[in-house]
Amino acid sequence: MTVARQQVTQARRIVVKVGSSSLTTASGGLDADRVDALVDVLAKVRSGGEKEIVLVSSGAIAAGLAPLGLARRPKDLARQQAAASVGQGLLVARYTASFARYGVRVGQVLLTTDDTSRRAHYRNAYRTLDQLLDMGAVPVVNENDTVATDEIRFGDNDRLAALVAHLVRADLLVLLSDVDGLYDGDPARPGSRRIEEVRGPDDIAHVQIGSAGKAGVGTGGMVTKVEAARIAAAAGVPVVLTSAVRAADALTGRATGTYFHSTGRRSADRLLWLAHASTPQGSLTLDDGAVRAVVQGRKSLLPAGIAAVEGEFSAGDPVELRDTGGRAVARGLVNFDAKEIPQLLGRSTRELAQELGPEYEREVVHRDDLVVLHP
């Protein structure tokens with residue numbers, strides 16, 4: 001057995017992500033046989049009690065299409081949210097019934113990026129998932145599409161799965177699709193070869209990666225899966241990418257799909273979410289000194305280093321920090337409303353405290369709420 005497959009068999013906490021096309025028919029609606037087949041595999045893997053499974057499942061919007069008389073996934077947000085509202089209940093009910101055949105309970109966990117980029121919310125999300133696993137349940141995670149706005153266009157839950165794998169400190173991420181791995185060309189064309197292992201970005205720099213499939217029930221594709229694999233691998237979590245019909249092989253270490261070796265160190269840092277899951281609500285332009293302090297010195301952003309502000313945001317929102325050339329160098333959670341910042345530009349915190357009050361003697365973005373994008 002190769003080192004890669006040995007790591008799969010030794011993984012104790014595993015995040016499994018399954019896409020809409022693997023659970024539903026092209027016309028919408030859940031395929032009970034497909035759901036049961038996946039649950040059969042997951043239940044068997046965890047049956048000895050040595051392994052824990054977190055399931056990140058797409059399919060809520062797709063499951064709601066047929067009941068609402070929709071032929072395809074709608075493009076407008078309101079109807080997507082309506083389909084998610086109907087489909088989410090159907091999806092979890094199907095999983096609940098299917099896992100019940102094995103005496104296993106499921107727990108629904110709906111997340112938005114806001115739940116996991118803010119410190120307190122991040123801790124709560126981890127505690128909930130960890131407690132469900134400790135109690136022997138299978139968490140079924142999805143984005144909260146019913147109320148999401150920008151989040152609903154986040155991607156086919158692939159990136160969410162990578163971030164959940166990081167959040168729960170998983171030993172392995174398995175991405176299940178309708179394609180049995182990453183190929184060096186169009187899988188439908190003769191001569192295309194499946195890439196068995198990826199040790200770093202350079203291994204696939206030459207590969208042209210396709211987008212979403214023809215079924216029209218999902219939003220992802222190989223692009224989002226490879227991006228998710230890159231995020232997870234950089235956070236110290238190895239990844240197996242394969243088809244849903246080969247889930248059993250993927251989870252038992254047999255040679256299937258594409259294995260992405262971990263490329264970074266494992267951490268419990270919620271800032272991975274801030275970097276990859278948040279949607280900036282505005283931007284702050286920094287002078288050269290502030291850029292050096294934030295990027296190289298890993299310092300907090302003080303009002304004296306801010307040259308300009310754009311956008312409408314509230315305290316606690318994510319914002320981009322840009323250099324004078326307009327390049328985003330960092331992202332952080334801001335401590336002031338956008339309308340407050342113009343009066344702070346270029347001024348010291350001591351001066352601001354004397355003029356405006358002691359609550360202004362603080363950072364605009366604290367270093368604990370800041371992630372560097374371009375060192």
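## Questions about the structure

Visitor: Is R169 buried, exposed or partly exposed?
Guide: In this predicted model, R169 has a relative accessibility of 39%. A buried residue would fall under 20% and an exposed one would be over 50%. Since 39% sits between those two limits, R169 counts as partly exposed.

Visitor: What value is phi of R169 near?
Guide: R169 is located in the loop that lies between α7 and β5. Most residues other than glycine have a negative phi. R169 is not a glycine, and yet its phi is positive, with a value near 60°.

Visitor: In which loop is R298 found?
Guide: R298 also has a positive phi without being a glycine, at about 55°. Its relative accessible area is 46%, so R298 is partly exposed. Its place in the chain is the loop between α11 (288-295) and β10 (306-311).

Visitor: Which are the edge strands of the open sheet?
Guide: The open sheet is formed by 8 strands with mixed pairing, and their order is β3-β4-β2-β1-β5-β7-β8-β6. An edge strand can be recognised here by the fact that it pairs on one side only. That description fits β3 and β6 (197-198).

Visitor: What is the bridge partner of V56 in β4?
Guide: Within the order of the sheet, β4 stands between β3 and β2. Strand β4 (residues 138-143) is joined to β2 by 2 bridges, and the two strands run parallel. In β4, the residue paired with V56 is V141.

Visitor: What is the bridge partner of L173 in β7?
Guide: Strand β5 is joined to strand β1 (residues 13-18) by 5 bridges in the parallel sense, and in that pairing V16 stands opposite V174. Strand β5 also pairs with strand β7 (residues 239-243), again in parallel and over 5 bridges. There, the residue of β7 that partners L173 is V239.

Visitor: How many residues of β5 are buried?
Guide: In a regular strand the side chains alternate between the two faces of the sheet. In β5, L172, V174 and L176 point one way, while L173, L175 and S177 point the other way, and all of them are buried. Strand β5 (residues 172-177) is therefore mostly covered, because the number of its residues that fall under the 20% limit for buried is 6 of 6.

Visitor: Which element gives the most to the largest nonpolar core?
Guide: Nonpolar side chains tend to be buried together in soluble globular proteins. The largest nonpolar core has 43 residues, of which V15, V141, V164, L173 and L182 touch the most other members. Several elements supply at least two residues each, including β2 (52-57), β3 (106-111), α6 (119-134) and α7 (158-167). With 7 residues, the element that gives the most to this core is α7.

Visitor: Which residues does V164 touch, not counting those up to four places away in sequence?
Guide: V164 is one of the members of the largest nonpolar core that touch the most other members. When residues up to four places away in sequence are left out, the residues that V164 touches are V15, V54, V56, L111, V141 and W273.

Visitor: Which element gives the most to the lining of the second largest pocket?
Guide: This pocket holds about 320 Å³ of space, and of its 15 lining residues A234, A235, S267, L272 and H276 are the closest to the centre. Two or more lining residues come from α8 (222-234) and from α10 (271-276). The lining divides into 8 nonpolar, 3 polar and 4 charged residues. With 4 residues, the element that gives the most to the lining is α10.

Visitor: How far apart are the C-alpha atoms of S98 and P375?
Guide: S98 belongs to helix α4 (residues 77-100), and with a relative accessibility of 0% it counts as buried. Leaving out residues up to four places away in sequence, S98 touches V35, D36 and V39. P375 is 277 residues from S98 along the chain, and their C-alpha atoms are separated by 47 Å.

Visitor: How far apart in space are Q343 and A43, C-alpha to C-alpha?
Guide: Q343 lies in the loop between β12 (328-333) and α12 (349-356), and its relative accessible area of 35% makes it partly exposed. Apart from neighbours within four places in sequence, Q343 is in contact with L352, L356 and Y360. In sequence Q343 and A43 are 300 residues apart, and in space, C-alpha to C-alpha, they are apart by 59 Å.

Key
Residues numbered from 1 in each chain as written. Predicted model: local features only at pLDDT ≥ 70, side-chain atom pairs only at ≥ 80, totals over all residues. Heavy atoms only, no water. 1 Å grid on protein atoms, 1.4 Å probe; cavity = no way out; pocket = protein on both sides within 12 Å on 5 of 7 lines; lining within 4 Å. Points joined across faces, edges and corners; volume = space filled by probe spheres on them. Nonpolar A, V, L, I, M, F, W, Y, C, P; charged D, E, K, R; others polar. Buried < 20%, exposed > 50% of the residue type's maximum accessible area, 1.4 Å probe, protein only. Pairing = 2+ DSSP bridges. Core = buried A, V, L, I, M, F, W, Y, C linked by side-chain atoms within 4.5 Å. Contact = heavy atoms within 4.5 Å.
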